[in-house]
Amino acid sequence: MSYVLRTLRKKREVDTIIRDTIDKVLVLRFGRSSDPLCKSAREVSKFANVVLVDIDSDEIQVYASYFDITFIPSTVFFFNAHHMKMDSGTADHTKWVGAFHKKQDFIDVVEAIYRGAMKGKLIVSCPLPSERIPKYQLLYRDV
Amino acid sequence: MATLADSFLADLDELSDNEADVIEEEDVDAGNMEEDVDGEMADIENLNYDDLDSVSKLQKTQRYVDIMQKVEDALQKGSDISNLGMVLEDDPEYQLIVDCNALSVDIENEIIIIHNFIRDKYRLKFPELESLVHHPIDYARVVKKIGNEMDLTLVDLEGLLPSAIIMVVSVTASTTSGKPLPEEILDKTIDACDRALTLDAAKKKVLDFVESRMGYIAPNLSTIVGSAVAAKLMGTAGGLAALAKMPACNVQLLGAKKKNLAGFSTATSQFRVGYIEQTEIFQSTPPSLRMRACRLLASKSTLAARVDSTRGDPSGNNGRALREEIRKKIEKWQEPPPAKQPKPLPVPDSEPKKKRGGRRLRKMKERYAITDMRKLANRMQFGVPEESSLGDGLGEGYGMLGQAGSGKLRVSVGQSKLAAKVAKKFKEKQYGSSGASSGLTSSLAFTPVQGIELSNPQAHAHQLGSGTQSTYFSETGTFSKIKRT
């Protein structure tokens, strides 16, 4: 079953897709083209839209700097054009840094975002236990 | 065994019932029925008479002789150049075939009568044999072979019966309570056996003849099930018209053998297939689909028989089309199911949780329901400070629990609503018992204000129980019976 994730390379594409995804979680995966997320995209497809954003393209650098993306892969969640934050016990709530340990973890995270978003929240807490959350350290630059 | 005789009679009645609508053969059947009844009655009387001829008359009748003669001639002639130009009913061959069908049914009935005769005679010698060997012809053969022999090891039953049955028969014979027969009775019995066997041979001949003409009589039916099975079906039903009038479920069961018990489990027996079992289509289907195939075959062959009985399609095209349809259906059953598509997960919280109800859930909820004690503790009397567990307002308050003058001395486990309904059913039996719940409760209680309080049984009748019970709606009552005026 080959379901290739849609890859975005232009700023305009990213804009339209954020605007056009209504009532579904938009998962923007910032990373390289070869990404092992495609299978779970189908399962979640009823309430989420998974999209790959090619971080090497020039136009996307705007977004990369806006979201402060330094680690590959990083995932940003949107719902109805609102940026959804997730508190996973790490320092950065605005995005999910790193790869997911298992497919089910990804599905859990997306579901938690969906439930919170349907209730009207803009930040949700992470349902995963801390072992499954990729850990990282924030290094501040020029601060 | 009266029950076996009754079951045989019942079978005869069933066969006759199926043909009851056929006008042509109704009087023949009526004649047969009378003959059977007479034969049976006469048979019982004839235990003293011992005369075979008064029991079995068929072989002497002119009709039998005539038809057998004609069948012989026809078989000698070989396959006839069928005269398609003539209307079927006028064709003498067709008439012969109709007669053959009727005759084969008669022969069968006759065989059963003779079987009863043999059985009654042989009962003195070997009573258990009739329950071990069901088929009349097999029984006749076995009786002929055994004769008056007491020791069954000298008798070779090989080829007459399946080996398992032979074994059972030999074992039973060694412990049988029978005695050797006197000479005349033995002769008569052997004579009856011979007659049964000749009748059987005659029936076979008749069936062979019908089979050879099958393609001409019922082309559609023979295309589907094959001419041998078609001939057998027609013979058992008593004619093409009779077969056409049968419902398909009966056609499926025509020729079904009776269960052979002899101590074997019936879990492995082939269920409920008759002559249809011998058709080529049935034999070529995998065993798991056989029941469905049998039903399908029976229904399509009934349709074909109906077409044939009205001569709607003499060329047999209808039969070929039906056969093709059957083949296609059986193939379709054998197709593997379509591959399963993995479904995406449902949207979270889109499907509301199914709330269940019912008696079981109510009983479960009762375990966590608020008890009367807790209800009493939650309420307070006006102007009266409540007692508390640690005294002076500290700790948990007791509310109305244990207050003087509340009517009840002890708050026992309240009856649940469900239990109340059940108790109400048996309340007629319980009007003798007093209100005390267990033998250890006393009617005295110590209250803080007055010291000792006695329970007043009459008070219960007036009070509405504890203050927790509803004052308007009864917790145990239902609607009273409203009579229709």
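Across all its chains, this structure holds 18 salt bridges. It's a predicted model, so keep that in mind as you read. Chain B gets most of the attention below, starting with its charged pairs, and a few spots in chain A follow.

**Salt bridges in chain B**

- As background, side chains that carry opposite charges can pair up when their charged atoms come close.
- Take B:Asp106 and B:Arg63: they form a salt bridge in which the closest N and O atoms are 2.4 Å apart. This pair ties together distant parts of the chain, with B:Asp106 sitting in helix α4 (residues 92-122) and B:Arg63 in helix α3 (residues 62-77), 43 residues apart.
- The two partners differ in cover: B:Asp106 is buried, at a relative accessible area of 4%, while B:Arg63 is partly exposed at 36%.
- B:Glu130 and B:Arg123 also meet through their side chains, with an N to O distance of 3.7 Å. Here B:Glu130 is buried, since its relative accessible area is 6% and the cut-off for buried is under 20%. B:Arg123 is partly exposed, with a value of 29%.
- That pair doesn't stand alone, as B:Arg119, B:Asp120, B:Arg123 and B:Glu130 are linked in a network of salt bridges.
- Over in helix α16 (residues 317-333), B:Glu331 and B:Arg327 are four residues apart, so about one helical turn separates them. Their side chains meet in a salt bridge at 2.7 Å, N to O.
- In general, an α-helix has 3.6 residues a turn, so residues three or four places apart point the same way.
- Both ends of this bridge have some access to the outside: B:Glu331 is partly exposed at 46% relative accessibility, and B:Arg327 is partly exposed at 41%.

**A positive patch on chain B**

- On the surface, B:Arg359, B:Arg362, B:Lys363 and B:Lys425 gather in a patch of positive charge.
- Helix α17 (residues 359-366) of chain B supplies the largest share of the patch, with three residues.
- B:Lys425 belongs to another element, helix α19 (residues 417-425). This lysine is exposed, because its relative accessible area is 63% and exposed means over 50%.

**Chain B overall**

- Chain B has 20 helices and two strands.
- Of its 485 residues, 35% are buried.
- Its accessible surface comes to about 30,400 Å², and carbon and sulfur atoms account for 56% of that.
- If you take the contacts in chain B with a separation of 6 or more, 66% are between residues 24 or more positions apart.

**Buried spots in chain B**

- Helix α11 (residues 227-237) is largely enclosed by the rest of the structure, because eight of its 11 residues are buried.
- The buried residues of α11(B) are B:Val229, B:Ala230, B:Ala231, B:Leu233, B:Met234, B:Gly235, B:Thr236 and B:Ala237.
- Right after α11(B) comes B:Gly238, which takes a positive phi of about 95°.
- B:Gln252 lies in helix α13 (residues 248-253) of chain B. With a relative accessible area of 9%, B:Gln252 is buried.
- Setting aside neighbours within four places in sequence, B:Gln252 is in contact with B:Arg272, B:Val273, B:Gly274, B:Ile276, B:Met291, B:Cys294, B:Arg295 and B:Ala298.

**Spots to look at in chain A**

- A:Glu13 sits in helix α1 (residues 11-20) of chain A and is partly exposed, with a relative accessible area of 28%.
- Beyond its neighbours within four places in sequence, A:Glu13 is in contact with A:Thr7 and A:Leu8.
- The C-alpha atoms of A:Glu13 and A:Val53 are separated by 9.7 Å, although these residues are 40 apart along the chain.
- A:Asp68 isn't a glycine, yet it has a positive phi of about 65°. You'll find A:Asp68 in the loop between α3 (61-67) and β4 (74-79) of chain A, where it counts as exposed at 55% relative accessibility.
- A:Ala81 is another residue other than glycine with a positive phi, near 70°. A:Ala81 is placed in the loop between β4 and β5 (82-87) of chain A and is partly exposed, with a relative accessible area of 44%.

Key: Residues numbered from 1 in each chain as written. Chains lettered and ligands numbered in written order. Predicted model: local features only at pLDDT ≥ 70, side-chain atom pairs only at ≥ 80, totals over all residues. Heavy atoms only, no water. Patch = residues over 30% accessible without salt bridge, like charges linked within 9 Å, V, L, I, M, F, W, Y side chains within 5 Å. Areas by Shrake-Rupley, 256 points an atom, 1.4 Å probe, with all protein chains shown as cover. Salt bridge = Lys/Arg side-chain N within 4 Å of Asp/Glu carboxyl O. Lys, Arg positive; Asp, Glu negative; His and termini not counted. Charge placed at Lys NZ, Arg CZ, Asp CG, Glu CD. Buried < 20%, exposed > 50% of the residue type's maximum accessible area, 1.4 Å probe, protein only. Contact = heavy atoms within 4.5 Å.
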